[in-house]
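This short report covers selected local features of one protein model. It takes up surface exposure, helix packing and backbone geometry in turn.

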Amino acid sequence: MEDRTNPRKPRRRKAWLLFLNEHNEPVRRDGWAHVWRRMVSNANKALTAAHGRAHAAWVKKGKPERQAPELLQVPEGASMHDLRHFYASLLIKHRENVKTVQKRLGHAKPSITLDTCTHLWPDDEDTTRAAVEEVLGDVPPLCPPRRAYGT
């Protein structure tokens, strides 16, 4: 199939597709909306059924406080792109490196992944602060807390 991840250098490559139409061909953009709506509907039905079972079990236990099951649904307007972004953010949160995320997302180069997802990786301040807190976390502060002017 044609890979247009890098629009300046489109190329053909072999791909394992998750979604095929009834003729075992790639789902085209114009047919995707129908497939997506059906998948969201099926997912919401399954989530509703699971909630019903969990709610019945909660009632059977005597409705313990703060344990009522919450009904989860696919958010209105959610798209396949949202799932892709969620997947990328999940990989990054669990400290996967750029090359791994690039491969999983099917980007032609790691630079494309960085251009797209750089905001998801922790910045230097986050990682530096975490490192210092890990080492000095149990050390009591030597300076008194700052007070607002005039107090």
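## A nonpolar surface patch

In this predicted model, L17 is partly exposed, its relative accessible area being 37%, a value that lies between the limits of 20% for buried and 50% for exposed residues. L17 is placed in the loop that runs between β2 (11-12) and α1 (29-60).

On the surface, L17 joins M1 and L20 in a nonpolar patch, and together these residues have about 250 Å² of accessible area. L17 can belong to such a patch because its relative accessible area of 37% is over the 30% that patch residues need.

## Packing of α2 and α3

Helix α2, which spans residues 80-93, packs with helix α3, residues 98-105, at an angle of about 155 degrees, and the axes of the two helices are 10 Å apart. The pair is therefore roughly antiparallel, since an angle over 145 degrees is counted in that way. As for handedness, the crossing in which α2 passes α3 is right-handed.

## Positive phi values in loops

The loop between β2 and α1 also holds N24, a residue other than glycine whose phi is nonetheless positive, near 65 degrees. N24 is exposed, with a relative accessible area of 61%, whereas L17, in the loop between β2 and α1, is partly exposed.

A positive phi is likewise found at K63, where the value is near 55 degrees and the residue is again not a glycine. K63 belongs to the loop that lies between α1 and α2.

Terms used: Residues numbered from 1 in each chain as written. Predicted model: local features only at pLDDT ≥ 70, side-chain atom pairs only at ≥ 80, totals over all residues. Heavy atoms only, no water. Patch = residues over 30% accessible without salt bridge, like charges linked within 9 Å, V, L, I, M, F, W, Y side chains within 5 Å. Areas by Shrake-Rupley, 256 points an atom, 1.4 Å probe, with all protein chains shown as cover. Salt bridge = Lys/Arg side-chain N within 4 Å of Asp/Glu carboxyl O. Helix = DSSP H or I, 4+ residues; strand = E, 2+ residues; numbered from the N terminus. Buried < 20%, exposed > 50% of the residue type's maximum accessible area, 1.4 Å probe, protein only. Axes fitted to C-alpha atoms, helices over the stretch in contact; angles between N-to-C directions. Parallel < 35°, antiparallel > 145°, perpendicular 65-115°, else oblique. Left-handed = near helix turned anticlockwise from the far one by under 90°.
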